[in-house]
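Colleague: Hi! Could you walk me through this model before I get back to the bench?
Modeller: Happy to, so let's open it up.

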Amino acid sequence: MRKIFLIIFTSVCTEVWGQVGINTNNPSATLDIVSNGNVLSVKALEVNNSDGSELLKLQSNGNIGINTGTSLPTDLLHVKTDVKHENLPVLSSPYSPLAVDATGAAKIKPATIQYFYFKRSTSFGSFSLFDTNIYTNIPFPAGGDVLGNTTGFGFGTDASGTVNSQSVSNISYLTIPEPGVYLFEMYQTALCTGLPTTSSNTGQIAINTIFTTANSGSSAYTTNTIFRDYAIARRSATGGIHSSSYGYANPQKLIVAYQSTTVNEKVALFVNYAGGDSYNTPTCQMNRPNGSDNYGYLIVTKL
């Protein structure tokens with residue numbers, strides 16, 4: 001009995017105002033427990049059920065384990081099985097009230113917006129518009145025109161390939177690194193200089209902007225979506241009436257919500273002739289409209 005009394009006396013100190021200390025003579029709280037160490041392998045507190053199974057453990061380095069059995073908790077709070085949360089705050093984008101990182105740790109942190117932003121600083125072109133079987137690639141190369149790429153898109157060029165079974169050289173493409181739904185929004189303007197080679201009764205040129213895809217490792221592209229715009233005749237570069245000019249900047253647009261289902265899928269964009277007046281010489285191009293600071297852009301957002 002005397003030994004039990006001495007053990008209790010040396011391990012627990014009860015102050016006049018009701019504070020209890022375990023392994024300390026100067027408790028600073030109602031219950032103040034001082035562990036025998038400060039490392040993960042030493043337990044400061046352990047709670048077991050009647051079968052001897054550990055329900056809760058507090059390690060000396062501060063990690064807490066709930067229902068982890070004999071395993072040591074590997075994070076500040078390590079819970080085995082489900083955790084229920086109620087009344088979490090509703091936060092506006094780009095914030096998520098709860099997220100889990102690659103190690104399984106639950107954290108509150110901002111959600112990263114994944115996007116790709118390309119703003120063209122130079123013109124491209126010198127192509128013809130007279131044959132529906134000829135495809136002109138719209139390039140989006142890596143470099144200073146890429147103003148953002150949190151989607152992690154890759155860049156590449158196929159020296160030779162096909163679009164809907166038609167041969168095309170030097171196809172510039174983007175690689176989508178992971179499956180998901182992506183919104184592609186592209187805007188540019190087209191013009192052709194000089195008189196058209198042939199004229200129809202339409203007084204305009206129908207131009208397709210084509211969204212194509214190919215599997216990783218393949219250079220055979222197939223059409224997913226076609227947007228058709230029209231280059232209107234009788235306008236000079238400044239928009240003034242002209243006898244038969246296609247010098248005005250005519251908008252060419254493309255908006256596609258695309259679901260990628262495989263890793264590293266390839267996307268390439270093209271323009272081609274769809275009808276109306278025609279130019280069989282390479283006098284057409286994508287230009288910069290008067291007053292604009294760019295020659296077109298492509299914005300992709302992962303939804």
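Modeller: A good place to start is Pro179, which is partly exposed at a relative accessible area of 37%; that label lies between buried (under 20%) and exposed (over 50%), using a 1.4 Å probe and protein chains only. Keep in mind that this is a predicted model, where local features need pLDDT of at least 70 and side-chain atom pairs count only at pLDDT 80 or more, while totals for chains, interfaces and linings use all residues. Residues are numbered from 1 along each chain as its sequence is written, and side-chain values use heavy atoms, leaving out hydrogens and water.

Colleague: Where does Pro179 lie in the chain?
Modeller: Pro179 is in the loop between strand 15 and strand 16 (180-192). Strands (E, at least two residues) and helices (H or I, at least four) are DSSP runs numbered from the N terminus.

Colleague: And what does Pro179 touch?
Modeller: Setting aside residues up to four places away in sequence, Pro179 contacts Ser260, Thr261, Thr262, Val263 and Lys302, a contact being heavy atoms within 4.5 Å. Asn264 is 85 residues from Pro179 in sequence, yet their C-alpha atoms are 8.2 Å apart.

Colleague: Lys302 caught my eye. Which residue forms a salt bridge with Lys302?
Modeller: That would be Glu178, with the closest N and O atoms 2.5 Å apart; a salt bridge here means a side-chain nitrogen of Lys or Arg within 4 Å of a carboxyl oxygen of Asp or Glu. Glu178 sits in the loop between strand 15 and strand 16 and Lys302 in strand 22, so the pair ties together parts that are 124 residues apart in sequence. Both count as partly exposed, Glu178 at 33% relative accessibility and Lys302 at 22%.

Colleague: How many salt bridges does the structure hold?
Modeller: Five. One of them joins the side chains of Asp293 and Lys119, at 2.9 Å from N to O. Asp293 lies in the loop between strand 21 (279-287) and strand 22 (297-302) and Lys119 in strand 10 (residues 115-119), so this pair connects parts 174 residues apart in sequence. Asp293 is exposed at 55%, whereas Lys119 is partly exposed at 24%.

Colleague: Now Asp158 and Lys266, which also meet in a salt bridge. Is Lys266 buried or exposed?
Modeller: Lys266 counts as buried, at 5% relative accessibility, and Asp158 is buried too, at 12%. Their side chains meet at 2.9 Å, N to O. Asp158 belongs to strand 14 (residues 154-163) and Lys266 to strand 20, 108 residues apart.

Colleague: What about the rest of strand 20? How many of its residues are buried?
Modeller: 10 of the 12 residues of strand 20 (residues 265-276) are buried, so this strand is largely enclosed by the rest of the structure.

Colleague: Which strands pair with strand 20?
Modeller: Among them is strand 17 (residues 204-214), antiparallel over 10 bridges, with Ala206 opposite Gly275. Two strands pair if DSSP finds at least two bridges between them. Strand 15 also runs antiparallel to strand 20, over three bridges, and there Thr175 has Lys266 as its bridge partner. Strand 12 (residues 136-138) pairs in the antiparallel sense over three bridges as well, and Thr136 faces Val271.

Colleague: Any odd backbone angles I should look at?
Modeller: Try Asn170, which has a positive phi of about 50° although it is not a glycine. Asn170 lies in strand 15 (residues 166-176) and counts as exposed, at 53% relative accessibility. Arg234, another non-glycine, has a positive phi of about 65°, and is found in the loop between strand 18 (220-232) and strand 19 (246-260).

Colleague: Switching topic: what is the strand order in the open sheet of four strands?
Modeller: The order is 4-5-6-7, with mixed pairing. Strand 4 (43-48) and strand 7 (77-79) stand at the edges with a single partner strand each, so one side of each lacks a neighbour in the sheet. Strand 6 (residues 64-66) pairs with strand 7 in the parallel sense over three bridges, and Ile64 stands opposite Leu77.

Colleague: Last one, the whole chain: how many helices and strands?
Modeller: The protein chain has one helix and 22 strands, and 34% of its 303 residues count as buried. Of the contacts between residues at least 6 apart in sequence, 60% join residues at least 24 apart.
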